[in-house]
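Q: I've just opened this one and don't know where to begin. Can you walk me through it?
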Amino acid sequence: MKGMIFAAGLGTRLHPFTLTKPKALVEVGGVPMLGRVISKLEDSGVKELVVNVHHFSKQVIDYISRLPINGVKISISDESDLLLDTGGGLKRASGLLAGDEPVLVHNADILTDFSLPEMMAAHEKSGADVTLLVSSRKTSRHLLFNEDGRMVGWNNTLTGQYKPEYLKEDCERLVELAFGGVHILSPAALEMLCAYDAGCDAFSIIPFYIDSCQKLDIRAYVPSRPYHWFDVGKPETLQAAREASLRGEI
C-alpha cells in the first residue's frame, strides 16, 4: 500500500507557532507530528509515501531529509505556488501515487493510535472503493451512512442542510458519523478524483466523496478496540494530546 500525508496546511489556529513554523512540525512528546505519522505509516507496511508541502515548505523538506527512514521512499508534492486543500492536494500528487495499490491518506495534524493494519485489512476484505475512519464524536457536519455502513451523503446539523437534499426526508434511518482524517482509496477512486471537476484547483476531499458516493462504494470504518484521537491543529486539543503523551497513553 502507498501512502500520502497532508502536511501543507497554514495552521492559522496555532498562531503564534505557525507564524514561523509549519503546523506539521508542531511537537507532541518532543516529536514533530509529521515524524509521528511517517513512523506510523512505515510501521504499518507503507513502502512509498508522498508528503505535500506549502507553508514553510523548506522546513518540512529539510526535516524529512534528516529522518532515519528505512525501506520507505518519500516523495514531495510541492504546492508552494498554491495551497490545494485535501482534494486538490491528492489530485496533484496522483501521478506519484498511481499504480495497482490502494493509497492510505493521513492528515499530519491527526494523532491517533488505532491499528492501521486492521483498517487496511478491513478495506481489502470489504472490496470498498474508499474506506473512511469515522466516529460518533461531536461535530456539526456529518457524513451519512446507511445501515450497511455505506456512505450516502452529508449533513450540517446547525443549518439543517443535507446533500443530497432528498435525504432530509429519510434521515431517521441514517447514521451520522464524523470523519477522522484517515482514509484509504482504491486506484479506481483515485482515478475518479483525477477526473473530478471541482470548479477550481483547490478543493476539499469531502465534496468529492459527497458527489461520488452514489458511484463509488465508500464505507465507514470504526476500529474494533478503544483508541485515542486528537486533532492537534487546535490549541486545546494539542494541549490534551501533550498531556496524554506525558501520561504515556499515546
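**Pocket, strands and loops**

Q: Which element gives the most to the lining of the largest pocket?
A: That's β12, with six residues. Strands are DSSP runs of E with at least two residues, helices are runs of H or I with at least four, and both are numbered from the N terminus.

Q: Anything to know before I trust the details?
A: Yes, this is a predicted model, so local features need pLDDT of at least 70 and side-chain atom pairs count only at pLDDT 80 or more, while totals for chains, interfaces and linings use all residues. Residues are numbered from 1 along each chain as its sequence is written, and side-chain values use heavy atoms, with hydrogens and water left out.

Q: Back to the pocket. How many residues line the largest one?
A: The lining has 42 residues. D85, T86, N107, R141 and S204 lie nearest the centre. Here a pocket is an open set of points on a 1 Å grid where a 1.4 Å probe fits, with protein on both sides within 12 Å along at least five of seven lines; lining residues have an atom within 4 Å of a point.

Q: Which elements give two or more residues to that lining?
A: Two are helices, α3 (85–97) and α6 (205–212). The others are β9 (141–145), β12 (175–185) and β14 (229–231).

Q: D85 was in that central group. Where is it found?
A: D85 is in helix α3. Its phi is near 65°, which is positive although D85 isn't a glycine.

Q: And is D85 buried or exposed?
A: In between. D85 is partly exposed, because its relative accessible area is 41%. Buried means under 20%, exposed over 50%, and partly exposed lies between them (1.4 Å probe, protein chains only).

Q: Which other residue has a positive phi without being glycine?
A: F56 is one, with phi near 50°. F56 sits in the loop between β4 and α2. At 30% relative accessibility, F56 is partly exposed.

Q: OK, strands now. In which sense do β4 and β5 pair?
A: Parallel, over six bridges. β4 covers residues 48–53 and β5 covers 73–78. Pairing needs at least two DSSP bridges between the strands. One bridge joins E48 to K73 in β5.

Q: What about V53? Where is its place?
A: V53 belongs to strand β4. V53 counts as buried because its relative accessibility is 0%.

Q: What is V53 in contact with?
A: Leaving aside neighbours within four places in sequence, its contacts (heavy atoms within 4.5 Å) are A8, V60, I61, I76, S77, D78, E79 and S80. Take S80: it is 27 residues from V53 in sequence, but the two C-alphas are 6.8 Å apart.

Q: Switching to H106. Which strand is it in?
A: β6, residues 103–107. H106 has a relative accessible area of 1%, so it is buried.

Q: Who does H106 touch?
A: Not counting residues up to four places away in sequence, H106 touches M4, I5, F6, V37, K40, L41, T112, G181 and V182.

Q: How many residues of β10 are buried?
A: Six of the six, so β10 (residues 151–156) is largely enclosed by the rest of the structure.

Q: In which sense does β10 pair with β9?
A: Antiparallel, with five bridges. L144 has G153 in β10 as its bridge partner. Five residues lie between the strands of this hairpin, and G149 has a positive phi near 85°.

Q: And in which sense do β10 and β11 pair?
A: Also antiparallel, over three bridges; β11 is residues 161–163. N155 is bridged to Y162 in β11. This hairpin has four residues between the strands, and G160 has a positive phi near 80°.

Q: Loops next. Where is T18?
A: T18 is in the loop between β1 (2–6) and β2 (27–28). With a relative accessible area of 1%, T18 is buried. Beyond neighbours within four places in sequence, T18 contacts L10, G11, T12, K23, H55 and F56.

Q: Which residues does a cis peptide bond join?
A: H15 and P16, with omega about 10°. P16 lies in the loop between β1 and β2. Another cis bond runs from K163 to P164, with omega near -10°. P164 lies in the loop between β11 and β12.
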